[in-house]
Every structure is written in structure tokens, then in C-alpha cells.
Amino acid sequence: ADKVELIYSDTVPENDPRSVILKEAFGACLGDGFDFQAYHGATLFKQGTELTAMQRGNLDMGNLAIFDFYNQVPSTSVLGTPFLFRDYDHMRAVYDSTVLADLEAEIEEKADVKILAYPYIGARHLGYKGDKEIMTPADLAGVKLRMPPGEGWQFVGTAMGATPVPVPFTEVYTAMQTGAIDGQDNGFPATYSMKFHEVMTHMGTTSHLIAANELTIGLEKWNSMTADQQAKVQECADNFEAALDAETLKLEKDLRAKIEESGVNVYMPDNAAFQSHVLGVYKDSKFSADWPEGLVDAIVAIGQ
Amino acid sequence: MSLFTSILGCLGRRAENILAVLLASMFFTFLLQIVFRYFLNLPVGWTVEWVTIAWLWGILFGFAFVVRETDIIRIDVIYSMVPRGWRRAMDVVTGLTLAGVFLYTLPASWDYIDFMMRERTAYIRVPYFWVFLVYVPFALSVAVRGLMNAWAGITGSGPTFNTEASAETHDYD
Amino acid sequence: MTDPFTLTLILIVALSLFGASVGLSMMAGSFVYLILKGFDPSIASETMLQGLFNNYTLLAIPLFILAADIMNIGSLADRLLRFAQALVGRFRGGLGHVNVVSSLIFSGMSGSAVADAVGMGKIIINMMTRDGKYTHSYAAAITAATATVGPIIPPSIPMVLYAIVADQSVGFLFAAGMLPGLLMALAMGIMNYVIARKRNFPVDEVVPVRELPRITWQAMPALMLPVILLGGIYGGIMTPTEAAAVAAAYALLISVVFYRSVSFSEFYQALLGSARSTASVGVLVAGAITFNYVITREQLPISIAEFVGQFELSTTGFLILINVLFLVLGMVLEGGAILLIVVPILVPSVQAMGIDLVHFGVIVVVNAMLGLITPPYGLLLFITANITGEPLMRIVKDIWPFILALIGALIVITFVPDFVLFLPRLLGYQG
Ligand code: NA
Ligand code: NA
């Protein structure tokens with residue numbers, strides 16, 4: 001029988017542990033029936049262009065961020081809301097439940113892609129150069145916080161009380177070193193691999209976003225496969241999700257220790273104050289207009 | 001004929017106006033961005049986006065309507081050494097190839113640009129369709145220039161650019 | 001022969017050598033590759049449009065060109081010329097030395113060699129060729145060669161890219177580039193001195209010492225530009241990309257306020273000329289971006305890296321091979337592609353060899369910069385050819401001695417790790 005060719009593109013560097021895990025936990029898991037070709041480091045398709053590439057049949061699979069869906073499926077923005085998930089276990093429980101079934105159906109219908117898995121990529125925290133511990137949204141007033149470029153991301157910064165500044169990822173180190181920005185909001189792994197801790201003094205563990213990627217496949221590709229092949233792909237996607245979850249949790253623990261060792265003050269802010277402030281801001285914003293009825297309540301309920 | 005050339009000349013100057021305005025807007029937007037962020041502490045984002053749109057348009061629109069044949073970056077090592085007859089043949093080959101490739105792929109490229117109506121830019125929220133639309137006149141101009149070069153090669157009316165003269169006629173010297 | 005990739009390469013080389021635009025040739029080749037492979041041809045236009053739209057650091061190019069144009073229509077360049085002549089004109093090859101030193105100053109402001117070449121390049125080429133003292137090709141060659149120092153001296157965009165893929169400290173990499181950057185400048189200064197003697201470049205009249213304060217004062221506003229930009233970048237007011245706009249604004253302000261020499265129509269002509277240069281350089285960049293899709297899809301850099309890995313080499317042999325590999329790759333590939341695709345594959349073998357990864361990063365970036373001035377695909381060559389209007393061939397002829405000088409510096413950088421790692425260790429690097 002013919003092999004199923006799967007062209008995959010993501011933005012993670014080739015030698016990042018995540019790329020190795022993808023190769024082993026997903027690629028190797030697929031076995032002889034598949035020809036899995038992974039391109040890393042945004043070398044095949046630029047960040048944020050994978051969705052349209054899949055829709056046009058030029059790419060089979062990608063590992064997307066939730067904001068990548070926003071233009072075509074605005075209701076997905078709910079999953080990018082800060083402080084939606086209490087912690088990792090809450091997030092995993094939500095994705096393993098059926099509360100997202102309607103949203104996933106909407107994605108398949110509107111965007112012609114299918115989400116196979118939601119691998120955990122880490123919690124985002126506040127890392128900055130300053131002289132005091134930022135405990136509440138009020139402490140963030142006037143702080144120039146680098147947030148990834150894009151309206152959705154920038155609003156996360158606004159909602160938390162900071163002045164968001166869009167700086168390209170590769171320029172964050174220099175921008176923080178020179179004081180063009182005061183801080184950034186990556187988690188322990190990205191902070192460590194990008195060396196941000198070298199130019200930071202504090203890291204407040206807000207966990208404002210418990211982030212997962214969306215391992216996605218083009219619907220046309222998916223439908224062209226036999227039921228057995230689909231089952232295999234789904235099994236390996238779940239396998240990849242479990243492996244990446246374990247790796248991320250381990251990394252966060254190890255790198256938190258290393259960042260603390262380097263002299264950065266890692267502390268816990270008043271996250272309850274942040275949560276009530278942020279969810280309030282979101283409720284009054286245009287972003288909540290797209291949210292599916294009752295989904296936030298259902299997600300919060302799982303956490304209780 | 002003179003009416004035709006004067007209309008062309010007028011259109012050419014309007015194209016130059018547009019290109020100059022695009023660069024001026026990049027220039028002032030960058031300054032505005034620094035003032036907003038550093039001096040007023042205001043969040044910015046649309047500035048970066050406008051500058052990148054102006055850069056994309058400046059390149060493709062500028063190449064299509066303002067850049068002269070002598071400005072184009074080429075490797076003229078061999079071209080400038082061979083006899084005139086060879087050059088004419090080369091003009092025909094390169095002109096027809098470029099025109100053929102860009103015309104043949106234009107429908108597919110159009111399909112992509114049209115498809116991008118569904119995606120919007122991050123700040124200005126303009127559909128990518130309008131940002132990328134400038135590719136169409138760019139590709140058409142590549143094709144038209146290619147055909148003109150090929151025609152000049154066939155009729156022997158001389159190349160539309162001259163590598164030897166360009167050093168002297170260049171506007172930076 | 002029927003391999004689509006081979007046919008594509010032949011087409012691009014043929015079109016380029018037959019005198020077609022290099023950028024358009026690469027785009028046409030990419031289209032043909034996609035058609036031959038049975039893929040959607042729109043991938044090429046998509047890659048080009050998205051690539052231009054998403055590349056923030058490229059935006060410095062048009063504004064540094066504009067800054068230089070404004071400095072040229074105002075009398076800033078003239079005043080700098082007089083200052084430079086007064087200072088080093090009496091030495092043989094004086095303005096060549098000015099070129100080296102100004103690139104060093106400029107490299108401290110920008111992280112990109114291209115920005116350096118277009119920023120300082122136009123002014124200095126103008127200065128060097130104005131009175132027929134130097135040939136256009138020599139001025140273009142030394143400008144392109146000295147611009148390679150840009151990303152070796154911090155700040156440096158390529159080093160940030162390397163730090164990401166090789167998991168190394170940006171701070172230590174920046175420190176490690178300092179001495180190698182000075183060494184490269186020294187090597188090119190010596191080469192300029194040798195050539196100036198051999199070709200007997202004319203010497204200027206000696207300017208009396210009592211004239212110096214006046215000439216310096218007149219050039220002061222122009223000399224202050226690097227100070228303002230450095231202060232702005234390290235003071236956190238602007239990013240290196242934004243600094244390009246500030247440079248243009250400053251040049252305009254100084255010309256209008258102090259020298260009163262810029263009319264609106266001159267400003268318009270500067271805008272138009274810069275935009276025109278931007279468009280012709282931009283199409284070349286666009287072609288390179290488009291062709292990168294083909295190279296990635298063919299996994300070409302990976303095959304080359306695997307090819308290298310199969311030999312079992314000593315550390316010295318490995319380093320020599322790496323340098324040769326990168327020099328060859330640099331002849332045909334864009335530096336960013338080398339850093340992002342080849343480096344990650346080599347890192348494990350580099351570590352296994354016991355080679356320090358900060359040291360290796362400097363080697364890689366110096367090689368990538370050399371790639372910018374080695375024909376046939378050398379972005380800096382194209383840019384200075386565009387500025388001077390010189391045929392590429394003549395610039396290539398004049399740049400060989402500088403490539404040799406830089407290879408000399410590269411040999412020291414490669415085989416004396418203590419030299420590269422001296423500053424990082426001083427700053428606490430444990431390697
Ligand atoms: Na630099
Ligand atoms: Na090269």
C-alpha cells in the first residue's frame with residue numbers, strides 16, 4: 001500500500017527538545033505506513049501562516065498557537081484568555097473532557113482543519129528588571145511589558161495592567177538589556193533558552209497563561225486516510241501530547257531552579273487579585289463578545 | 001504618439017510621488033513610534049505594521065513602476081563581455097523566460113492573494129488581500145518588461161539597459 | 001538531469017549570467033521548481049510576500065539609505081570628508097583607513113552588515129571617489145569588506161540567532177565578538193596600506209595643525225551622529241532598527257538648522273532615490289527569501305551537514321572542514337539560512353569534539369559574514385555595486401585581497417580560542 005506523506009512545519013528550533021520528542025513520540029510512532037517529514041524553525045512556513053498553508057493543501061500538519069485561529073474562528077479566543085485555567089491539571093482535565101466538542105466542531109467546519117492534541121508548552125510568568133516585587137495589577141501600571149506582536153497578545157498585557165509593547169522575540173534580550181522594555185512574559189523554559197534571566201532581576205509566577213499548542217491536521221488530508229490510519233495518527237498524537245507534557249513539566253521544574261540559582265528572585269504574586277482584575281477587563285471587552293455561551297463557566301466548573 | 005508618451009511620463013511621475021510618500025511615511029511612522037513608546041509611554045503596534053506594509057509595497061510597487069532597467073541588480077560579468085549579437089539572444093531568452101514564468105504562475109498567485117481575504121493583519125485589521133494585492137501589478141510589470149526586452153532583442157533596437165554606460169549615468173556619482 | 005532541483009539551479013544560474021535581475025531569476029527558479037515537483041506554484045509568491053512582511057530587521061535598510069542620501073545633499077559628508085582628510089589624508093591610503101574605522105564605529109550601532117554597508121557606504125564611497133583619488137571599484141570593495149565587521153562587533157543580529165539555535169548566552173557571544181571584530185579591522189587596515197603603496201594611491205596635502213580645531217568643529221554635528229545613536233540604543237530609547245530613522249531625522253535636522261542647505265525638492269529627490277535603491281535591493285532579498293523555500297524543502301543543508309559528519313576527523317581537521325564548508329555555503333546561501341538550518345545539525349558533533357560553542361559561534365558568524373562578500377551570491381557586493389554603478393566583476397577583482405585578509409583573521413579566530421574567549425572569561429564565562 002502507498003505510504004501516507006505528512007509534511008509538518010513548526011517554529012520550534014531543529015535541535016530543541018520538543019523537536020526531538022516530536023520525531024520520536026509522533027514520527028517514529030507512526031511506523032512504516034507513513035512518511036513523516038518535519039520542518040522546524042519556521043523554515044518552511046512562517047509563524048502564523050501554517051493554517052492557511054494547510055487549508056490550501058500545501059502543508060499537512062502544524063503545531064499552532066490558539067491565536068492563529070482567531071481570524072477565521074473568533075470564538076477560539078476564549079482559550080487564550082489569561083487566568084482561565086487554574087493550573088496544569090485543570091487545563092489537562094478541560095482538554096480531556098467534552099466541553100470543547102462544540103468549539104472543535106466549529107473549527108472543523110469553518111477552518112477545514114482538525115485538532116489532534118493539545119500538548120502543554122508551559123505557563124507564562126512575569127519576568128522583569130526592577131527593584132520590587134510586582135504583586136498586583138496596580139504594581140504593573142506604567143511597566144513596559146513585552147508581549148508577542150498581535151492584537152490578542154497585546155490585550156493580555158493591557159488586561160494585566162501593564163503597558164504592552166510588541167517586540168520581535170529575537171530582539172527581546174537586547175530590548176530588556178537596554179531598558180527599551182522593562183519585562184517580558186515567557187515561562188521558565190523560554191526565559192532560560194533565550195537567556196532573558198541574564199538581564200532580569202525578578203520573576204513573578206503569575207501563570208497567567210497555561211499554554212498548550214494545537215497539533216493540527218488539514219481536514220482534507222485527514223479524510224483521505226483510512227479509519228486505521230486515522231486511528232494510528234490519533235494514537236501517536238496522544239502519545240506526543242503525553243511526552244511533551246511530561247517534558248515541559250520537568251523542564252519548568254529544572255529551569256526554575258537554574259534561573260533562581262542565577263540570582264533572579266522568583267516569587268508568587270497575588271494571583272487572586274490578578275485573576276479578578278483580568279477576567280473583569282475581559283468581560284467588558286470586545287474579546288468576550290466572541291466567546292461561546294457558557295463555556296467559561298463550564299471550564300471554571302471543571303477546576304472546582 | 002507624443003500625447004501617449006506625455007501621459008506615460010505623467011503616470012511615471014505620479015508613481016514616483018507614491019513611492020516617495022511610502023518611504024516618507026515609513027520614516028515618520030518610525031519617529032512617531034519612538035515618541036509614543038518612549039516619551040509618552042503609549043502602547044503602539046499599528047506603527048510597526050504600517051512600516052512593514054509600506055516596505056512591502058515600496059519594493060513591489062517601486063520595482064514595477066519606478067525602478068529603471070539600469071537600477072536592477074544583475075550579474076553582468078558575462079553579459080558585458082560577449083558580442084552584441086549574443087546579448088540580443090540573451091535578452092530574448094531571459095525576457096521570454098521571466099515573462100512566461102510570471103504570467104503562467106499569476107493565476108495561482110492570484111488564487112493565494114484572493115484566499116487571504118479571510119486573514120487580517122494584527123493591528124490595522126485590514127485583510128491580507130489588500131496588503132498582498134500589489135503582487136499583481138508587480139508580476140504584470142515583470143512580464144511586460146520581459147516581453148519588451150525580448151522584443152528589443154529580436155528587432156535589434158538595442159538593450160533597454162547598458163552595463164557600460166550605467167556607471168557614468170548612475171545618479172549616485 | 002531530470003531532477004527538478006538540478007534543473008532549477010541551472011535555470012537560476014543561466015538567467016543570472018545572461019543578465020537578468022538576480023532577484024527575479026531566483027523567484028522564477030523557485031516557481032519552476034514548484035511546477036516541476038507538482039506543487040502549488042503560489043507557494044513561491046506566498047513565501048516571498050510573507051517573508052518580506054515578517055522580516056522586521058530588514059526595515060533598517062531603506063532608512064539607512066535615506067539617512068545617507070540626506071547626508072549627501074546636506075553638506076555633512078563634505079565636512080566629514082574635510083575632517084577625515086585633515087586627520088589621515090597625509091597617510092597613503094588614508095581614506096581607506098577612514099573607511100575601516102568608520103565601519104568599526106558604525107558596527108557598534110547596528111547589528112546587520114547590510115545596514116552598515118548602505119548606511120556608511122554611500123557617504124564613504126562618495127568621499128573616496130569624489131576627486132578621483134580611488135577607483136569606484138576599490139571604494140566599493142573596501143566598503144563591502146569592512147561592513148562584514150558589523151555583526152561581529154556587538155550588537156549583532158546573527159549572534160542572537162546563533163545563541164538561540166546553539167543554546168548559548170547572547171551576552172557572552174557579544175563579548176566574544178569584540179576582539180575578533182577588531183582583528184578583522186586591523187587585517188583590512190594592513191591590506192589597505194599594502195595596496196595603497198603598491199598602487200600608489202595619491203596622498204593629500206598636509207593640513208596645518210592650527211586648522212584642525214576649526215575643521216573638527218565644522219564636522220562636529222556629523223561626528224556626533226554615532227554618539228547619539230549609541231546613546232539612544234544603549235539608553236533604551238530606540239531599537240537598532242529605529243535608530244536608522246533617527247539617523248535620517250538627525251541628518252535632516254542638522255542640514256536644515258545648522259547648514260541651511262536642504263530644499264524641499266532636494267528632500268523629495270533624496271526620498272525618491274532611496275526608495276528606488278530600496279526597491280532594487282528589496283527584490284534581491286525577496287528572491288533569496290523565495291529560493292530559501294526550495295533549499296529547505298530539498299533539505300540541502302542537512303545533506304551537506306550529514307556529508308561532513310561521515311568523516312572521522314581530528315578537531316583541527318574538523319574546524320578546517322567546517323570553515324571550508326561555510327565558505328562554500330556562503331557563496332550561494334543567505335547567512336540566516338546557514339545559521340538557522342545548518343548550525344543546529346552541527347552542534348552535537350561540535351560538542352562531541354570538545355569545541356567551545358561560544359568560540360564556534362564566532363567562527364560561524366565570521367564565515368557567514370565572509371559569505372556576504374564572496375561571489376557569486378554576495379549581498380554586500382550587490383549593494384555596493386548598486387551604490388557605485390560599477391560592474392560586479394571589477395568589484396570582485398578588488399575585493400580578493402580583503403577576502404584573503406579576512407581569511408587570515410579567520411584562521412587566528414579559529415585556531416586561537418583563547419583570543420576569542422578572553423573577554424567572555426573576563427566577564428565570568430566558564431568555558
Ligand atoms: Na554590530
Ligand atoms: Na556569498
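Visitor: What makes up the area buried between chain A and chain B?
Guide: About 1500 Å² is buried between chain A and chain B, and carbon and sulfur atoms give 49% of it. Buried area is the accessible area (1.4 Å probe) that two parts lose on being put together, summed over both. This is a predicted model: local features need pLDDT of at least 70, side-chain atom pairs count only at 80 or more, and totals for chains, interfaces and linings use all residues. Residues are numbered from 1 along each chain as written, chains are lettered from A and ligands numbered from 1 in written order, and side-chain values use heavy atoms, without hydrogens or water.

Visitor: Which three residues of chain A supply the most of its area buried against chain B?
Guide: Arg56(A), Asn71(A) and Glu151(A). Together they supply 36% of it.

Visitor: Why is the meeting of Arg56(A) and Asp111(B) called a salt bridge?
Guide: The rule wants a side-chain nitrogen of Lys or Arg within 4 Å of a carboxyl oxygen of Asp or Glu. Here N to O is 3.2 Å, so the pair qualifies. The rule finds one salt bridge across this interface.

Visitor: What makes residues members of the largest nonpolar core?
Guide: They are buried Ala, Val, Leu, Ile, Met, Phe, Trp, Tyr or Cys, joined through side-chain atoms within 4.5 Å. Buried means under 20% relative accessible area (1.4 Å probe, protein chains only). This core has 277 residues; Leu79(A) and Phe102(B) are among those touching the most other members.

Visitor: How do you know where this core lies in chain B?
Guide: Domain 1 (1-67) and domain 2 (72-173) of chain B both give residues to the core, so it lies between them. The domain bounds come from an automatic or database assignment.

How values were computed. Buried means under 20% relative accessible area, exposed over 50%, partly exposed in between (1.4 Å probe, protein chains only).
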